[in-house]
Amino acid sequence: MSKQFTRTQMLLGSDGMEKLSNAHVAVFGIGGVGGYAVEALVRSGVGAIDVFDDDKVNITNINRQIIATQSTVGKYKVDVMKERALSINPAVIINTHKCFYMPDNADDYDLGKYSYIVDAIDTVTGKLEIIMRASALNIPVISCMGAGNKMDASKFEVADIYETTVCPLARVMRRELKKREIKKLKVVYSKEKPIVSDGLTKIDAQSQIEANNGRSGESKRNIPASIAFVPAVAGLIAAGEVIRDLSGK
């Protein structure tokens with residue numbers, strides 16, 4: 001074991017560390033939530049991680065995304081995440097997928113090879129596709145609900161999707177998963193009521209849409225406000241659940 005994981009092994013034991021080293025985790029969405037999740041997985045000793053995101057770092061990401069700096073603006077998020085991960089643990093295997101995961105390209109990716117999946121995307125259609133396919137393969141998933149328009153990071157909880165309240169995204173997911181006869185799903189969600197923000201000007205909103213790889217169809221919904229510490233906490237909680245489940249602690 002590398003000395004950099006000495007203190008982690010003090011908590012998880014040598015067996016737990018071996019399980020993490022042999023694990024292969026997929027993280028969908030390398031934004032405010034997913035970026036922090038990947039970082040925590042790497043720092044905890046997970047051996048292989050696949051990262052999925054087709055977006056590039058935008059100037060508006062700097063306020064909350066761990067991979068976003070002045071020097072990374074314009075670079076693909078998955079490439080920046082890989083470089084950062086390797087700077088933390090050169091032995092970690094990072095596979096990058098410049099992919100906006102949706103039903104029309106889902107067949108291109110074999111989810112059956114993963115030990116665990118972190119869903120940190122905000123598109124309902126994509127989330128449902130990940131969850132349905134993982135359920136059919138009996139692959140554990142933790143799905144992150146809405147972190148936008150929130151200010152109280154202490155309101156996050158881990159629960160089954162059917163036990164969630166308040167969160168608008170969780171409400172939609174409950175309804176859609178029930179239709180698809182999905183009986184359970186571990187989620188990270190917040191009980192904080194979304195804050196009604198002043199919103200962006202039309203010019204700023206259009207700039208955000210254009211920065212989002214031209215996916216105007218996905219971006220016509222209201223652009224949520226966000227802050228540095230809220231999505232970070234959601235991502236770290238999600239990673240914590242993965243580490244505990246994989247290590248058996």
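Where helix H2 meets helix H8 in this predicted model, Tyr-36, Ala-37, Ala-40, Leu-41 and Ser-44 of H2 are in contact with Ala-232, Gly-235, Leu-236, Ala-239, Val-242 and Ile-243 of H8. Sorted by class, nine of the residues in this contact are nonpolar, two are polar and none is charged.

How do the two helices cross? The axes of H2 and H8 come within 7 Å of each other, at an angle of roughly 40°. Because the oblique class begins at 35 degrees, H2 is oblique to H8. The handedness of this crossing is right-handed.

Now for the packing around these helices. The largest nonpolar core has 44 residues, and Val-25 and Leu-41 are the ones that touch the most other members. Several helices and strands give two or more residues to this core, and the table lists them by residue range.

| Helix | Strand |
|---|---|
| H1 (6–21) | S1 (24–28) |
| H2 (34–44) | S2 (48–52) |
| H3 (77–88) | S4 (116–119) |
| H8 (229–247) | S5 (141–144) |

H8 gives the largest share, seven residues.

Which residues does Val-25 contact, leaving aside neighbours within four places in sequence? Val-25 touches Leu-41, Val-46, Ala-48, Ile-49, Asp-50, Tyr-114, Tyr-116, Val-118, Val-242 and Leu-246. Two names here may look familiar: Leu-41 and Val-242 also take part in the contact of H2 with H8.

There is a second core too, separate from the one above, with 28 residues, among them Cys-99, Leu-111, Ile-117 and Ala-159.

Notes
Residues are numbered from 1 along each chain as its sequence is written. This is a predicted model: local features need pLDDT of at least 70, side-chain atom pairs count only at pLDDT 80 or more; totals for chains, interfaces and linings use all residues. Side-chain values use heavy atoms; hydrogens and water are left out. A nonpolar core is a set of buried Ala, Val, Leu, Ile, Met, Phe, Trp, Tyr and Cys residues joined through side-chain atoms within 4.5 Å. Buried means under 20% relative accessible area, exposed over 50%, partly exposed in between (1.4 Å probe, protein chains only). Helices (H or I, at least four residues) and strands (E, at least two) are DSSP runs, numbered from the N terminus. Contact means heavy atoms within 4.5 Å. Axes are lines fitted to C-alpha atoms, for helices over the stretch in contact, and angles run from 0 to 180 degrees between N-to-C directions. Angles under 35 degrees count as roughly parallel, over 145 as roughly antiparallel, 65 to 115 as roughly perpendicular and the rest as oblique. A crossing is left-handed if the near helix is turned anticlockwise from the far one by less than a right angle, and right-handed if clockwise. Ala, Val, Leu, Ile, Met, Phe, Trp, Tyr, Cys and Pro count as nonpolar, Asp, Glu, Lys and Arg as charged, and the others, Gly among them, as polar.
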